[in-house]
Amino acid sequence: MAVTSELLKRILFFLIGLILIALGISVTIIADFGCGGWDATNIALVQHFGLSVGTWLNIWAFVYLLVACMIERKRYRIECMATSLIIGAGVDLFNYLLRFAVFEEAWLKPLVFSRNDHYFPWCRMLSRIKITA
């Protein structure tokens with residue numbers, strides 16, 4: 001398989017996406033602003049057993065892949081772990097680099113939960129949605 005400029009561009013775009021995912025996970029952890037279920041699981045494991053968030057992310061990814069291989073009865077392919085390894089290393093790196101960062105909730109929460117149409121035009125659309133029980 002020849003490595004073309006298009007393939008390199010796609011790989012670079014993919015890696016930038018993984019790094020941005022890792023940055024997002026780190027910022028939500030450090031800001032104590034809430035995070036996804038799997039990230040919360042990894043944080044709880046860090047608090048109970050040690051290691052790091054990225055290490056637990058990789059451990060669980062390995063377990064999931066192993067279970068999936070057993071269910072599908074296919075051979076385990078180590079390249080399937082590449083995404084997890086990059087995100088796990090990125091989360092640990094950003095947690096280290098941002099360990100002294102302070103995220104002020106005073107301006108962050110109103111920005112996120114704002115319904116001001118000037119800043120968030122899509123809020124007008126969402127405000128029309130009625131949820132009934």
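This briefing walks through the helices, the core, the surface patch and a few notable residues of the structure above. The model is a predicted one. Its protein chain has six helices and zero strands, and buried residues make up 22% of its 133 residues. Helix α3 is a good thread to follow, as it gives residues to the core and also to a nonpolar patch on the surface.

**Overall picture**
- From the N terminus on, the elements of the protein chain run α-α-α-α-α-α.
- Among contacts in the protein chain with a separation of 6 or more, 57% are between residues 24 or more positions apart.
- The protein chain has an accessible surface of about 10200 Å², and carbon and sulfur atoms account for 69% of that area.

**The nonpolar core**
- Nine residues form the largest nonpolar core: Leu 18, Ala 22, Ile 25, Ile 43, Val 53, Leu 57, Ile 87, Val 91 and Phe 94.
- Three elements each give two or more residues to this core, namely α1 (5-31), α3 (53-72) and α4 (82-97).
- Val 91 is a handy core residue to look at, with Ala 22, Ile 25, Ser 26, Val 53 and Gly 54 as its contacts once residues up to four places away in sequence are set aside.

**Helix α3, inside and out**
- The 20 residues of α3 should span 28 Å at 1.5 Å a residue, and the end C-alpha atoms are indeed 28 Å apart, so the expected and modelled spans agree.
- The buried residues of α3 are Val 53, Gly 54, Trp 56, Leu 57, Asn 58, Ala 61 and Cys 69.
- Those buried residues of α3 pack against α1, α2 and α4.
- On the surface, a nonpolar patch of about 990 Å² is made by Trp 38, Leu 51, Ile 59, Phe 62, Val 63, Tyr 64, Leu 66, Val 67, Met 70 and Ile 71.
- Helix α3 supplies the largest share of the patch, with eight residues.
- In general, an α-helix has 3.6 residues a turn, so residues three or four places apart point the same way.

**Helix α2 and its neighbours**
- Trp 38, one of the patch residues, sits in helix α2 (residues 37-49).
- Trp 38 has a relative accessible area of 59%, so it counts as exposed, the cut-off being over 50%.
- Val 46 is also in helix α2, but its relative accessible area is 24%, so it is classed as partly exposed.
- Leaving out residues up to four places away in sequence, Val 46 touches Leu 51, Ser 52, Val 53 and Trp 56.
- Val 46 and Trp 56 are ten residues apart along the chain, and their C-alpha atoms are separated by 7.5 Å.

**Two residues with positive phi**
- As background, most residues other than glycine have a negative phi.
- Leu 51 has a positive phi, near 60°, and lies in the loop between α2 and α3.
- With a relative accessible area of 56%, Leu 51 is exposed, and it is also part of the nonpolar patch.
- Arg 73 has a positive phi as well, near 55°, and it follows α3, in the loop between α3 and α4.
- Arg 73 is exposed because its relative accessible area is 76%, and the cut-off is over 50%.

Conventions
Residues are numbered from 1 along each chain as its sequence is written. This is a predicted model: local features need pLDDT of at least 70, side-chain atom pairs count only at pLDDT 80 or more; totals for chains, interfaces and linings use all residues. Side-chain values use heavy atoms; hydrogens and water are left out. A nonpolar core is a set of buried Ala, Val, Leu, Ile, Met, Phe, Trp, Tyr and Cys residues joined through side-chain atoms within 4.5 Å. Buried means under 20% relative accessible area, exposed over 50%, partly exposed in between (1.4 Å probe, protein chains only). Helices (H or I, at least four residues) and strands (E, at least two) are DSSP runs, numbered from the N terminus. Contact means heavy atoms within 4.5 Å. Patches are made of residues with over 30% relative accessible area and no salt bridge: like charges are joined within 9 Å, nonpolar side chains (Val, Leu, Ile, Met, Phe, Trp, Tyr) within 5 Å. Accessible areas come from the Shrake-Rupley method with a 1.4 Å probe; for residues, only the protein chains shown count as cover. A salt bridge is a side-chain nitrogen of Lys or Arg within 4 Å of a carboxyl oxygen of Asp or Glu. The expected span of a helix is 1.5 Å times one less than its number of residues.
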